[in-house]
Structure formats: structure tokens, C-alpha cells
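The following exercises concern one molecular structure. Each task is followed by a solution in steps.

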Amino acid sequence: MPQEGTPRRLDIAIAGQTGDGIVTIGDILAKSLLRRGLEVFTFRFYPTEVRRGAVTYFVSAANGKIPLEADGLDILVCFDQDSLERGLPRLNEGGVVLSDSDRVTMPDGSSLSAVPVPATSIAKEHHRLARNSVLLGALAKILPLDVEAMVPMIEDRFRDDATLADANCAALKEGSARVEGPVVSPLEASQRRDDVLLLSGNEALSLGAIAAGCRFFAGYPITPASEILELLAAELPAFDGSVLQVEDEMAALAAVLGASFAGTKAMTATSGPGFSLMSELLGLSSMAEIPCVVVDCQRGGPSTGVPTRTEQSDLAEAVHGTHGEGPRIVLAPTSVADCFATAVDAFDLAETFQVPVIILSDLYLAHRKESIVMPELSSLAVVDRLLADESDLVEYARYALTEDGVSPAALPGGPGMHPVMGIEHDERGLPDYSPATRRAMMEKRFRKLHALRYERSVEVLREAGEVGLLAWGSTAGAVAAAIDELERRDEKVRSMILRQLHPLPEQPLRMFSEGLRATVIPEVNFTGQLASIVASHLKVPIHSLVKYDGTPFRPGEIVARVEEVAADA
Amino acid sequence: MPSRSFKSGVPPVWCAGCGDYSALDAVIRGLQSLDRNPEDVVMVAGIGCASRLPGYVKGFRLHTVHGRALPAATGVKVANPDLLVLAVTGDGDGVAIGGNHFLHTMARNPDITHILLDNSVYGMTRGQASPTSPQGLRTRSTPFGTLDRGIDPLLMALSAGATFAARGFSGDIQSLRSLTEAALRHHGVSFLHVLSPCVTFRDTARDLRASVEALPEGHDDGDRQQAIAAAVAYPHRTGLYYQGDEPTLEDTLADIRDSAAARGRGDLQTLMAGFG
């Protein structure tokens, strides 16, 4: 039972097949809830094929800040029988099923609250593809949501086809007229803010990159990262930037390194398969000390894997993936708002330390939308790489052996001509692999990161507790919800989210494990990659909690494991 | 007044008699003929003997990994279109591992000059076959003869849409010099295929000197179809096969930026508010 003062939430799922137009109405629903002043969270579950397969669009809304994931559903919108069967197991007690009664038969003797709408028949009178708008109208009535306010959103969606726009608006209104509402008690926002946005992780990353001063992007389409290429292709030119869709991921990172060498902040974004292709060039970035930002939106692997399911299984590759050894930084955002902030931090760190910075996002984060407060732009501190001054330019050495390891750069088109190469080199950049030079240069490159003091390297959620909970990336959401539930059960658990995965922030990890009896590490992969990485840093028993079916953690799964461990520890 | 001599002063590591010396001479003279400073020049290379060339030329140099010189060069040029950008590869770097990038760079038309030094063998790794080796060639990796047919990079460049495609020969230095200068001056992607024999692992210098001729008099270098026909008909002729004037990648990107700016310069606050 929710406690007094706990924000109320509503969890809705719209389920059908690809081609039903579920994403269109899901987006409109989410926007409408946002504009009502509610916190909104969405996630889409869909197949790889473009035109066939089951799709579910989850939309959650709340009248206050709450952890996003929930275990159940309050409203299930079904486009077909299969959707009903898929969604029913998750429906809460007293949940509502809104269905296209032309295609869905409710089970006999069911005590569900059913709202049948003959959407197929109604759509036929307007446009056979407008079935989704009929159901949207009906859904709006039962929530309730202002149907009139949805009309401009439909018109915008179908701005290139007036016939479709009109048909869908008419279908929307008729769907609304055909049902009695409201059916659930209205979710009212405590206050309306006009500085809230509804963004996906990919959108937030892209906008953060623009904010950080990224002005060159090269990429190759791949699920679930393509949206970054697409958004930047459309928007970066207005910021005086350039975007190239290139022939493969190696061309992408090579072009990024070329642009960065010439002095422009540059980024690429990909998923697992493309990230593997970039291994060699990541080494070049480290070796030649050319800053770059590489986004990996992880998905099910290995190989082609499961392109439309989420996973957190590229951590090991992000940390080690290239032959040989060179400095790099790996960051993992935990939410959509964090995607924006992490993008800015990534560029700042890349420029400061002249290293590749890898941002590990994942499909769950990339494609889900969250309502966030408009990030504060005026206070953003953006860092540019250290450039050579007059004294540096006298007998300029690109790889000067400085005390902190960072050498002032000189950009083409100005003084300080020098060679840059992936082969071992001396301070001037000329090939030299004598033992003394090799030692000095290896040490110099790694020494750079000794000065790394990233203030957002970890996020401490709770300090008190003898059992610990350590996680990274998008799993942070389920962890936050799990902690809330555990506290409701009077159980304290010390929790921390790792945002800097490499180099490992040793001091926070030491403090975290001080006095712990055991720690649970939930992650969406098979081999427990974070658990392996931190094992030698946490001198306490680690209980790796892995999940590898392509779905993100539910808070309940984490709660259960923590309670088990607490009981045994 | 900054010196415009483009000699870096570093002695090349190439074997005596390597065809690449001629290419180096042509590149240095070509750069010297332009009204540019070494500071504005960026030479990008991959891996292999040919890719050592930038080390012997004054300017900024970016040695990337095997096969990736062309996209890196494209990134440099797009980031700063005022730079003079050259990419130097061998036939392995340019046609094998770099083949995909080669094709797409020719189709993309960035204003860079790609000089491909072709000895039809992998010299740096001591003599294996290359994609431009003739079929049946016995090498240390193909003891029974190469299985693939030889690929003609000039034909590839022409069919992909290169706006400048020419072939020179290290044994004909005069022609090579003028072709190199023309390649550097061309506004658009310039592909210069240079037959440059490896004296150590596949010394075809004498055979080439006997067989290489210039394109026939009256070859129309403004006709791509004719150029392609000539490339097929005369696989080892030298000269300017094709030159055409088309908007470059940078020109088009600049137009895109200009029209975006005309619709309103980018304002992040406004862009983000659109998600509300």
C-alpha cells in the first residue's frame, strides 16, 4: 500500500504488432501526460523486423518524483488477442483492459475492468490505419486526458498528409465519444512546470554533445544508436557543425580522429557490433593522444545478438577492447538526464586528458523517454584541449614529457608542425621504439589519468547498511526503486552507482566496502562483468545478480536477492 | 617569410631504387608550386612503405592505422576546409583493407588528393600478393599463384565517380610531376595511381619501362565513359584519364550549414524546448 505522501503513479501499456501505429499514439500519450505536469517515463519493447512482430509501449506517469520502473500495470491497451495474453499477467488487481473489441475477446468470467471499443469498425469509416487513434481517443477519455489538446499533435505527426491527419483526428474524437469516462481516478499534477522536456537517452546524449561543443559527427546506422546520427544530421549544421554518414564504423571513428586532430570536437555512436569494429582505432586514439568521444548503446550480443533487446555486456570490451595497453575513460550514464550531463563530461574529459572517452549507454536507456527538467545551459563549463603557447612552440614537441603527462597540442593550419602516429614515438612524434623511449612514453600516457578527479565518478544512494548494492548504467533505476521498497520493509542497504567504470574510482569503492558483510551486484549480462572488475577492490563477498533475457531488471528481482543475501550474511 | 621548401630533411628508409622516390620528388615539387605554407598541409597515411612518404615531406602528418587514411583525411578536411590535405597509400592499404573507404571516398568527392603507390606486392611484410597483383602470381603467400584477379584501382575510382583520375609511373618522372601538380590543384577528390615498382620484392621496373605508354593523343579527359573505356582498354597507360568539376563534399556541407543558418542559427535552448 502506498504510504501517505507517496506520489501516485499510473502504469500503462499499449500492445499490438508493428505497423499498428503504437509508437505514434504512445508518443502522443506521453507528451500529453507531460504537459499535464506529470513525471513521465516510457519504454518500447519491439522486434527487429520492420514490419512484423509484437510491440509494447509502456508509459508510466506520476504526480511526483518516483523511481521509474514498476512491476505491474494499471491499464492495458490491446490491439489484438495476443497483446491481451502478453499483458494480462502483469495487470494489477483492479487494472483496466481497453481493447479493440473487433479483435479481442475477454476471457470468460474475468473480473477485469474491461473497456471494449470496436476500433477496427470505427477506423474503417475514417481510414483503416486510424485504429490507433480510435484507441488513443478512448484511452484519453478514461484517464482522463484532454482530447482536443491531442489534435495538434496528430496534425503534426501527419503534417505531410492532410487526409491522414483529418482521418486520425476524426477517429480520435470518435474513440473518445464511444466510451464512458473517466474509469481510473484522475492523476493530477501538483504543479505545472513549463521547463520540462520529454527526451530519450539518445536525444539527451545528442543534445549534450551539442552543448559540449561537438561540431563533427560521423556514424553508421545501427540499432539502437541510429537516432543519434539522425538527430545530429538534422541539427548540427545550424550550429556550424558537420555530420557524415560513412561506409562503416571504422570510417566513422577514423573520420572522428581526423576531425579531432584538426581541432574539432568529434564523436561517433554505435552499438556492440560497430564498437567491436572500432577496437583498433580506439588504440590509435590512445597512442596518438587524439581526443574523441565514442558512444556504445549496448544491446544483446555477441555478434548480431539481439538487436532490439537491452543488455549491459560490453563493459569488458569498453575497458580493455583494443590490443596492447593505452589510457581511456569509460563512463556510464544512469538516466536520460544523466545522458545529457555525461555527454558534456565526456567531451571535457577527452579534451583535458587527450584520450578516448567511451560512453556506455544501452538500448533501455537509449530508447526510453523520461521527463526531465531543462538542463541549465548557462552554467555549463566546457573544456578545450591544452594548446601550445609561444614557449612550447620553440622546438615544439607534441608529446613533450610533462609532469602530469598532458602535452600541449598544436593544430594544423598554425605553427607547430608535427607528426602523429600509432607507432611508438619520441617527444617530437617521430618513430622511436628504443627501450628507454618506450618506457617513458608508456608511463607518460598512463600518467595522464593520475590527475583524473571526476566528481561524478560514483553516485551514493544510501550510506547506512551492512549489505551493499552496487550497480551501473540503466540498472540504477531499478536499484533506486528496490531501495525504496526495502526501506518500506525496514531494511537498510548501502547502495552506490558506479558512473566512471574505468579507471575504477578506488577510493569510493574502498569506502563503500568498509564494514560491509556482502554486496549484491545486479547487471544485465551473463558473466557478471562489473562483479569481475571490482572483485579485487571490494574485500567482501560479492553476490553477482545477472539477468540475460534481454529485459531490464524489475525492482522486485533486486529486492528478493538483497533479502536473501541479508538473511544469509 | 616562412620557407616553402617542402623537404622535411629526413632521409627515407626506402631501398635504393624504390619507385617511391620519384613520387616523393613529384609531391615535394607539386607542393612547392602551390602558393601554400607547410603549416597548412596535412598529409595522412596508413601503413606500408608508401605510407612512409609523409615523413619525408614538411607539414603536419597523421599516420593512421592500416587502411583508414582516407576517412581520416576526410575528417581533417571537413573539420578545416582551409587545409591542403593529401592521403598517401600503397596498393594494400588503398585497395585491400582500405578498399571500402577508397570506393566511398571517390564517391564522396572531398577536396583531397589520394596518391596510391602501386607495386602490386606487400613490400613492408616482405613480399605477399596484393589485390593489384596479376592473377597467378607466385608469392610467399600464394605459392601456387594468386587466386584473385588483379583489381585496377583507377577503374574503381572512375566507376565510383572520382572527379580526377590519373596514372603516373615512377619511371617517367616528368609526366609524374605534372600529373601530381594537377592532382594537387584539382578542386575535388584527386586520385593519382602511380606505378611504383618494388625493387626488392617484385622488380617490374624494366618490364614497365618497356611497356608503359601514355594515353593516346586525343584522349578526351572530360568524358567519363571514354575514361572508363580507356582504363579497360589500356590497363597500364599513363596520363590524365578524367577530370571534371563538381561540388565537393565541403562545398555541399557549407551549403547545408548556410541554409540551416538562414532558417535560424542554432540555439540549443530553443532546440531543447521543442522536446517539451
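**Exercise 1. Compare the length of helix α17(A) with the length expected, and state what surrounds the helix.**

Step 1. α17(A) holds 14 residues and extends 20 Å from its first C-alpha to its last, close to the 20 Å expected at 1.5 Å a residue. The expected span is 1.5 Å times one less than the number of residues. Helices (H or I, at least four residues) and strands (E, at least two) are DSSP runs, numbered from the N terminus.

Step 2. The model is predicted: local features need pLDDT of at least 70, side-chain atom pairs count only at pLDDT 80 or more, and totals for chains, interfaces and linings use all residues. Residues are numbered from 1 along each chain as its sequence is written, chains are lettered from A and ligands numbered from 1 in the order in which they are written, and side-chain values use heavy atoms, with hydrogens and water left out.

Step 3. The buried residues of α17(A) include A:Ala478, A:Val479, A:Ile483 and A:Leu486. Buried means under 20% relative accessible area, exposed over 50% and partly exposed in between (1.4 Å probe, protein chains only). The buried residues of α17(A) pack against β16, β17, β18, β20 and α20 of chain A.

Step 4. After α17(A) comes A:Asp490, with a positive phi near 65°.

**Exercise 2. Describe the sheet on which α17(A) packs.**

Step 1. The open sheet of chain A has five strands in the order β16-β18-β17-β20-β21, with mixed pairing. Because β16 (458-462) and β21 (542-546) of chain A stand at the edges with a single partner strand each, one side of each lacks a neighbour in the sheet. From one strand to the next, the twist averages 20°.

Step 2. β17 (residues 467-472) and β20 (residues 518-523) of chain A pair in the parallel sense over three bridges; two strands pair if DSSP finds at least two bridges between them. A:Leu469 stands opposite A:Val520 in β20(A).

Step 3. Helix α17 (residues 475-488) of chain A touches β16, β17, β18 (494-498) and β20 of chain A, and its direction makes about 155° with that of β17(A). Helix α20 (residues 555-568) of chain A lies across β17, β20 and β21 of chain A, at about 155° to β21(A). Axes are lines fitted to C-alpha atoms, for helices over the stretch in contact, and angles run from 0 to 180 degrees between N-to-C directions. Contact means heavy atoms within 4.5 Å.

**Exercise 3. Which way do the residues of strand β10(A) point, and which strands pair with β10(A)?**

Step 1. In a regular strand the side chains alternate between the two faces of the sheet.

Step 2. A:Ala266, A:Thr268 and A:Thr270 point one way from β10(A), whereas A:Met267 and A:Ala269 point the other way; all are buried.

Step 3. β8 (residues 216-219) of chain A pairs with β10(A) in the parallel sense over two bridges, and A:Phe216 has A:Ala266 as its bridge partner. β11 (residues 292-298) of chain A runs parallel to β10(A) and is joined to it by four bridges; here A:Met267 is partnered by A:Val293.

**Exercise 4. Is A:Arg368 buried or exposed?**

Step 1. A:Arg368 lies in the loop between α14 (363-367) and β14 (369-373) of chain A.

Step 2. A:Arg368 counts as buried because its relative accessibility is 1%.
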